[in-house]
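Got your viewer open? Let's take a short walk through this model, one selection at a time.

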Amino acid sequence: MAQQQQISLPAKLINGGIAGMVGVTCVFPIDLAKTRLQNQRSGQQLYKNMMDCLIKTVKSEGYFGMYRGAAVNLTLVTPEKAIKLAANDFFRQQLSKDGRLTVFKEMLAGCCAGMCQVIITTPMEMLKIQLQDAGRLAAQQRGVPSVVSALKMGGTSAVLSRSYNTSPAPQIMRVSATQITRELLRTKGVKGLYRGLGATLMRDIPFSVVYFPLFAHLHHLGRRSPEDPAVPFYWSFMSGCLAGCIAAVTVSPFDVVKTRLQSLKKGANEETYNGVLDCIRKILRKEGPGAFLKGASCRALVIAPLFGIAQVVYVVGVGEYLLGCTP
């Protein structure tokens with residue numbers, strides 16, 4: 001027992017890393033389309049839908065333009081996924097009695113897991129969004145060259161502004177996530193990386209509350225018999241996909257708010273927001289309730305396979321196998 005507990009954390013880190021890296025590599029272009037669709041305002045729409053966004057991105061930025069910001073995700077997805085999955089397991093174990101959990105306790109465990117993961121999720125999303133949205137701003141700049149002076153980023157340093165240099169010059173200077181991180185830490189401190197923390201909590205806690213209990217019940221349906229707890233890997237995948245899809249669409253309005261708040265650079269005539277409530281009020285007033293579902297289908301397409309893959313790796317126990325202790 002002691003040996004199993006000793007290797008459980010490294011195994012979960014390996015599981016989270018493998019699942020996250022495979023999932024991110026597969027679905028990151030869709031995530032980029034989601035960010036750009038969420039950030040574009042009514043009357044200034046550069047992209048009609050996800051496919052239109054991806055086609056225009058490839059034409060203007062090349063194939064690898066679809067992977068802007070992927071390095072940030074690939075770097076931080078290992079601890080993020082490990083914390084999320086391991087924390088849910090830990091809290092479920094603490095709240096269970098005789099191996100049984102009520103739905104409320106399952107939701108409470110998911111809530112706690114969602115609270116834990118934002119330590120990594122918030123700065124990861126913060127940096128990723130800046131890199132993903134730069135192409136949209138550049139496309140808008142090329143389409144409306146007269147609004148160069150209208151692009152704004154309150155209190156921003158030269159490094160951060162350079163990362164969004166969208167002038168039609170032949171060569172555009174770009175900076176990395178590391179440079180943006182250093183500049184944010186220098187100008188705004190650690191809180192600069194945690195901008196939008198409240199909105200991230202509003203998204204990730206309800207997501208985990210919906211996702212983990214739903215997955216557990218769907219996964220339980222795949223048991224061959226009450227005596228045999230084993231579940232086929234494809235059932236784990238489908239359960240993760242379905243639960244992830246439903247949870248993603250459920251919290252999509254909060255994801256829109258989070259994306260808007262964490263976007264430091266604004267395009268021409270794009271308003272700024274002073275917190276979650278101000279963001280919600282302005283979106284409702286200027287764009288209507290439908291704006292809260294921008295990118296919802298993209299998010300569902302991102303989350304479904306991402307969590308399907310994660311659950312297969314986690315349930316099958318790839319990390320345990322690699323460490324020489326098959327589950």
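Start by selecting His219: at 15% relative accessibility, His219 counts as buried, because buried means under 20% relative accessible area (exposed is over 50%, partly exposed in between, with a 1.4 Å probe and protein chains only). Before you go on, know that this is a predicted model, where local features need pLDDT of at least 70, side-chain atom pairs count only at pLDDT 80 or more, and totals for chains, interfaces and linings use all residues. Residues are numbered from 1 along each chain as its sequence is written, and side-chain values use heavy atoms, with hydrogens and water left out.

Who surrounds His219? Show Val231, Trp235, Ser236, Ser239 and Val315: His219 touches them, leaving aside residues up to four places away in sequence. Contact here means heavy atoms within 4.5 Å.

Now colour helix H7, where His219 is found. Helices (H or I, at least four residues) and strands (E, at least two) are DSSP runs, numbered from the N terminus. Add H3 to the selection: the axes of H3 and H7 come within 12 Å and cross at roughly 70 degrees. That makes H3 roughly perpendicular to H7, since 65 to 115 degrees counts as roughly perpendicular. The axes are lines fitted to C-alpha atoms, for helices over the stretch in contact, and angles run from 0 to 180 degrees between N-to-C directions.

Turn on side chains where the two meet: Lys84, Leu85, Asn88 and Arg92 from H3, against Phe207, Ser208, Phe212 and Ala216 from H7. By class, this contact of H3 with H7 has four nonpolar, two polar and two charged residues. Nonpolar covers Ala, Val, Leu, Ile, Met, Phe, Trp, Tyr, Cys and Pro; charged covers Asp, Glu, Lys and Arg; the others, Gly among them, are polar.

Next stop: what lines the largest cavity? Select Glu80, Lys81, Glu125, Ile303 and Leu306, which are the closest to its centre of the 23 lining residues. Helices H1 (2-39), H3 (70-95), H4 (103-143), H7 (197-220) and H11 (296-316) each give two or more residues to this lining. The lining divides into ten nonpolar, three polar and ten charged residues.

Finally, zoom out and colour by secondary structure: you'll find twelve helices and zero strands. Of the 327 residues in the chain, 53% are buried. Among contacts with a separation of 6 or more, 78% are between residues 24 or more positions apart.

How values were computed
1 Å grid on protein atoms, 1.4 Å probe; cavity = no way out; pocket = protein on both sides within 12 Å on 5 of 7 lines; lining within 4 Å. Parallel < 35°, antiparallel > 145°, perpendicular 65-115°, else oblique.
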